[in-house]
Amino acid sequence: MSQPCRRPRRRVWRALALPALLCVLAACSGGPGDDAAGPAASAAPTPSGPPRTLFDSFHYSGSDDPSLAAHGWEVRTGGGGPGIKDTWSTAGAGFPSDTTAQGGRVLRLQSSTDGTKQGTQQVEVQGTGKNLFTGTYATRVHFSDKPASGRNGDHVVQTFFPISPSDASADYSELDFEYLPNGGWGSAGPRLDTVSWYKADPPDRVSHTLKQRTEGWHILMVTAVNGTVTYSLDGKTLFTSSGKYVPREKMDIHFSNWFIDTPATGGPRTWDMKVNWVYYKADEALSQADVQKTVDGFYSAGTHYINTVPKA
């Protein structure tokens, strides 16, 4: 793992109204394929559903949908790194229909560059609850090996990671999946890195690299229980960490699509990363089969969002 120190993100958190945390199909924005639907209706006034559970299938009308913020998500616009500093934008976050996705809808993170800082836009969607700790983190993600438009060759990083709200925290915690189809930092791609962090600056972490193409849909899982962190891809264990390389404080979930550098010009190009759903179960290590069964049940019931995790 050759990743350099992560610079402080200087996150700016908006004040969020946090209504209740159950949103079913009738209360959310339109169903699969309804890209023109308006903002979702208000959720019920009290949380309900399975205890200590977070689930979201990202049925939102856009980055300005009030339900996105109400459900504890923010599209990053602040400064800092990683990647091309101060190029974070809401423009790349969308929620289009997708026939390859369960339920027919995705969160799409589309980053773009023309090889210059001025022509670069990175995108990150991040949680704001600061209340996720040990348990099972799972998501269905689509990685890309080539740009949606323009020439190939960029050092792009497509990521899913729970992380501390502050890089400077004394109990800093971060658990990463990072896909680099074209490599970076002097290392060739494709590669899927899994990384457990103890400290951001100076960097202190342990990691594993899977050197194979990982384009397409995959289920990524991290379980963190009983002093051990386990990373798996489509049910296959990739890496474990223990000792000091485990969560030490509560975290938020982030999805990010960013560029390590701007190696060349050559016209504009865009890179897509898609997220079908995300699921978290506090304090329990679940199998992929258990996760998928629960997620299937949410879809069958028309439940697009639920959050019964105790607040921070």
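**Salt bridges and unusual backbone geometry in a predicted model**

Asp 145 is buried, at 8% relative accessibility, where buried means under 20% relative accessible area, exposed over 50%, and partly exposed in between, with a 1.4 Å probe and protein chains only. I shall return to this residue in a moment, after a word on the basis of the values.

This is a predicted model, in which local features need pLDDT of at least 70 and side-chain atom pairs count only at pLDDT 80 or more, while totals for chains, interfaces and linings use all residues. Residues are numbered from 1 along each chain as its sequence is written, and side-chain values use heavy atoms, with hydrogens and water left out.

Let me begin with the salt bridges. The term denotes a side-chain nitrogen of Lys or Arg within 4 Å of a carboxyl oxygen of Asp or Glu. By this rule the count comes to 10 salt bridges.

Asp 145 takes part in one of them: its partner is Arg 213, and the closest N and O atoms are 3.4 Å apart. Arg 213 lies in the loop between strand 11 and strand 12 (216–225), and Asp 145 in the loop between strand 7 (135–143) and strand 8 (156–163), so the pair ties together parts that are 68 residues apart in sequence. Strands here are DSSP runs of E with at least two residues, and helices are runs of H or I with at least four, numbered from the N terminus. Is Arg 213 buried or exposed? Arg 213 is exposed, with a relative accessible area of 53%, whereas Asp 145 is buried.

The second pair is Asp 154 with Arg 269, whose side chains meet at 2.8 Å, N to O. Asp 154 is in the loop between strand 7 and strand 8 and Arg 269 is in strand 16 (residues 269–282), so this salt bridge ties together parts that are 115 residues apart in sequence. Asp 154 counts as buried at 1% relative accessibility, and Arg 269 is buried as well, at 0%.

A third salt bridge joins Arg 248 and Asp 171 at 3.6 Å, N to O. Since Arg 248 lies in the loop between strand 14 (236–242) and strand 15 (252–259) and Asp 171 in the loop between strand 8 and strand 9, the pair ties together parts that are 77 residues apart in sequence. Arg 248 is partly exposed at 24%, and Asp 171 is partly exposed at 35%.

In addition, a network of salt bridges links Arg 52, Asp 283 and Glu 284.

I turn now to the backbone. Most residues other than glycine have a negative phi, and most peptide bonds are trans.

Which residues are joined by a cis peptide bond with omega of about 5°? They are Gly 81 and Pro 82, and Pro 82 sits in the loop between strand 3 (73–75) and strand 4 (93–94). Another cis peptide bond joins Asp 201 and Pro 202, with omega about -5°; Pro 202 is placed in the loop between strand 10 (191–199) and strand 11 (204–210).

Asp 86, which is not a glycine, has a positive phi of about 60°. Asp 86 is in the loop between strand 3 and strand 4 and is partly exposed, at 42%. For Trp 185, phi is near 55°, again positive in a residue other than glycine. Trp 185 lies in the loop between strand 9 (174–180) and strand 10, and its relative accessible area of 24% makes it partly exposed.

Finally, Gly 127 is found in strand 6 (residues 123–127) and is buried, at 6%. The C-alpha atoms of Gly 127 and Asp 252 are separated by 5.0 Å, although the two residues are 125 residues apart along the chain.
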